[in-house]
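Let's take a walk through this structure together. Have the sequence and the coordinates open side by side, and we'll go piece by piece.

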Amino acid sequence: MKFLSLRSIPFPLMTRVLLTALFLATISACVGRPAAESTGEEIYLRVCANCHGDSLQGALGPSLGPGSNAASQPDDFLTASITLGRGRMPSFQSSLTEDQIGLLVGFIRQEQGQ
């Protein structure tokens, strides 16, 4: 019986597998159902901060703070991005209510100084 070792896996494949695993672990950390009575800030810290940073500065996901592309977009764009997902960002339609998404957009706007 021959065992598979790390040395027998081609480097590009191993890199792709490790990056995919890291990406999925990060995305799964971003997903969670906040309590119904959560504030916009609490929702952000629970659902968004792992990818967008505690202070909206960006990390795996882009910055959402003042001067960012998100700051120049209308509320409807942020609402649609959160609800449906965008690029690498997953949809939060099944984990956030419409009211929670509204609170989240309001918090982001407050932090952007708008």
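Before we start, one working definition: a residue is called buried when its relative accessible area is under 20%, exposed when it is over 50%, and partly exposed in between. Keep in mind, too, that this is a predicted model.

Now the overall layout. The protein has four helices and zero strands, and reading along the sequence gives the pattern α-α-α-α. It runs to 114 residues, and 32% of them count as buried. The exposed surface comes to about 7500 Å², with carbon and sulfur atoms supplying 60% of that area. As for how the chain meets itself, take the contacts between residues at least 6 apart in sequence: 49% of these join residues at least 24 apart.

With the definition in hand, try Q100, which sits in helix α4. Its relative accessible area is 4%, so Q100 is buried. What does Q100 touch? Setting aside residues up to four places away in sequence, the list is P34, A35, A36, I43 and S95. Step back one residue and things look quite unlike that. D99 is also found in helix α4, but D99 has a relative accessible area of 64% and is therefore exposed. A36, which we just met as a contact of Q100, turns up here as well: the C-alpha atoms of D99 and A36 are 9.2 Å apart in space, while the two residues are 63 apart in sequence.

Stay with α4, which spans residues 98–112, and look at what it covers. Helix α3 takes in residues 75–84, and L78, S81, I82 and T83 are buried in it. Among the elements that cover these buried residues is α4. The spacing of some of those positions fits a general rule: an α-helix has 3.6 residues a turn, so residues three or four places apart point the same way. Just after α3 ends, G85 takes a positive phi of about 85°.

The two helices are also linked through charge. How many salt bridges does the structure hold? There is one, and R109 forms it with D75, the closest N and O atoms being 2.6 Å apart. R109 lies in helix α4 and D75 in helix α3, so this pair ties together parts that are 34 residues apart in sequence. Are the two partners buried or exposed? R109 counts as buried because its relative accessibility is 7%. D75, on the other hand, has a relative accessible area of 40%, so D75 is partly exposed.

Next, turn to the loop between α2 and α3, where three residues are worth a stop. Start with L56, which is found in this loop. L56 has a positive phi of about 65° although it is not a glycine. At 3% relative accessibility, L56 counts as buried, because that value is under the 20% cut-off.

G58 is found in the loop between α2 and α3 too. Leaving aside neighbours within four places in sequence, G58 is in contact with C51, H52, G53 and S63. Further along, S68 lies in that loop as well. S68 has a relative accessible area of 10%, so S68 is buried. Not counting residues up to four places away, S68 touches S63 and Q112. That makes S63 a contact of G58 and a contact of S68. In space, the C-alpha atoms of G58 and S68 are 9.5 Å apart, with their positions 10 residues apart in sequence. The C-alpha atoms of S68 and L56 are separated by 9.4 Å, the two being 12 residues apart along the chain.

Finally, let's head out to the surface. E37, E41, E42 and E111 gather there in a patch of negative charge. Where does E37 lie? It is in the loop between α1, residues 11–30, and α2, residues 40–52. With a relative accessibility of 67%, E37 counts as exposed, since that is over the 50% cut-off.

How values were computed: Residues are numbered from 1 along each chain as its sequence is written. This is a predicted model: local features need pLDDT of at least 70, side-chain atom pairs count only at pLDDT 80 or more; totals for chains, interfaces and linings use all residues. Side-chain values use heavy atoms; hydrogens and water are left out. Patches are made of residues with over 30% relative accessible area and no salt bridge: like charges are joined within 9 Å, nonpolar side chains (Val, Leu, Ile, Met, Phe, Trp, Tyr) within 5 Å. Accessible areas come from the Shrake-Rupley method with a 1.4 Å probe; for residues, only the protein chains shown count as cover. A salt bridge is a side-chain nitrogen of Lys or Arg within 4 Å of a carboxyl oxygen of Asp or Glu. Lys and Arg count as positive and Asp and Glu as negative; His and the chain ends are not counted. The place of a charge is taken as NZ of Lys, CZ of Arg, CG of Asp or CD of Glu. Helices (H or I, at least four residues) and strands (E, at least two) are DSSP runs, numbered from the N terminus. Buried means under 20% relative accessible area, exposed over 50%, partly exposed in between (1.4 Å probe, protein chains only). Contact means heavy atoms within 4.5 Å.
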